[in-house]
Amino acid sequence: LLIIAWTSMVLYFLSEIVSPPYLMYMGRDKHENEHLIKWGWPEDVWFHVDKMSSAHVYLRLHEGETLEDVPETVIQDCAQLVKENSIQGCKANNVDIVYTPWENLKKTGDMDVGQVGFHRQRNVSKWTVEKKISEIVK
């Protein structure tokens, strides 16, 4: 993964393992994650370590693309990135990552900053990261 920009709020990455490359972005803390939850796009896919605190990583789909079109290598890049940016997850093996289209994220007023739920659980997918792949996350 290549870091292509770092604003005061968001880190941007480019996954060049396929062509054309995919844009990914990540909040640096729960307040930035909250901002990203609010301002995501319909073509964004949200990634998070399951049942642990972690960064929120978003994958921007290409025009006309669905989640099913995304190569597994790109899903793996996103999963590795979110695992690496989890205080607990980065130290563990066999970490489950959940991902879903941004439009499936559900935010209610009683949730903590950065916390989300889902409108439809059936639209949530899971990927297991067995261990860190250093070539992806440096």
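**Exercise 1. Asp77 and its surroundings**

Task: In this predicted model, decide whether D77 is buried or exposed, and state what its side chain contacts.

Solution.
1. The relative accessible area of D77 is 4%. The cut-off for buried is under 20%, so D77 is buried.
2. As to its location, D77 belongs to helix α2, which covers residues 72-84.
3. The side chain of D77 makes a polar contact with the side chain of S15, at 2.5 Å.
4. Strand β2 spans residues 10-15, and five of its six residues are buried.

**Exercise 2. Strand order**

Task: Work out which strands pair with β3 and which strand pairs with β4.

Solution.
1. Start with β2 and β3 (residues 22-27): six bridges join them, and the two strands run antiparallel. A hairpin of six residues makes the connection from β2 to β3. One of the bridge pairs is L11 with M26 of β3.
2. Strand β3 is also joined to β5 by four bridges, again antiparallel. Here L23 stands opposite R60 in β5.
3. Strand β4 (residues 44-49) is joined to β5 by four bridges and runs antiparallel to β5. W46 has Y58 of β5 as its bridge partner.
4. Thus β3 pairs with β2 and with β5, while β4 pairs with β5.

**Exercise 3. The two faces of β5**

Task: State which residues of β5 are on each side and whether they are buried or exposed.

Solution.
1. In a regular strand, side chains alternate between the two faces of the sheet.
2. Strand β5 covers residues 57-60, with V57 and L59 on one side and Y58 and R60 on the other.
3. All four of these residues are buried, and both faces of β5 are covered.
4. R60 also lies over the face of W41, at 3.8 Å from the ring centre.

**Exercise 4. A cluster of tyrosines**

Task: State how many aromatic pairs the structure holds, then trace the ring pairs that link Y12, Y25 and Y58.

Solution.
1. There are four aromatic pairs in the structure.
2. One of them is Y12 with Y25, a tilted pair with 6.1 Å centre to centre and 35° between the planes. Because Y12 lies in strand β2 and Y25 in strand β3, this pair ties together parts that are 13 residues apart in sequence.
3. Y12 is partly exposed, at a relative accessible area of 27%, whereas Y25 is buried at 5%.
4. The ring centres of Y25 and Y58 are 5.1 Å apart and their planes are at 10°, so this pair is stacked. Y25 lies in strand β3 and Y58 in strand β5, so the pair ties together parts 33 residues apart in sequence.
5. Like Y25, Y58 is buried. Ring pairs thus link Y12, Y25 and Y58 into a cluster.

**Exercise 5. Counting disulfides**

Task: Give the number of disulfides and explain why C78 forms no such bond.

Solution.
1. A disulfide is a covalent bond between the sulfur atoms of two cysteines. The cut-off for the sulfur pair is within 2.5 Å.
2. For C78, the closest cysteine sulfur is that of C90, at 18 Å, which is too far for a bond.
3. Taken from the other side, C90 has C78 as its closest, also at 18 Å and too far for a bond.
4. The count is therefore zero disulfides.
5. As to accessibility, C78 is buried at 0%, while C90 is partly exposed at 31%.

Terms used
Residues numbered from 1 in each chain as written. Predicted model: local features only at pLDDT ≥ 70, side-chain atom pairs only at ≥ 80, totals over all residues. Heavy atoms only, no water. Buried < 20%, exposed > 50% of the residue type's maximum accessible area, 1.4 Å probe, protein only. Polar contact = N/O pair within 3.5 Å; in protein donor to acceptor, adjacent residues only side chain to side chain. Pairing = 2+ DSSP bridges. Phe/Tyr/Trp six-rings, centres within 6.5 Å; stacked < 30°, edge-to-face > 60°. Lys NZ or Arg CZ within 6 Å of the ring centre and 35° of its normal.
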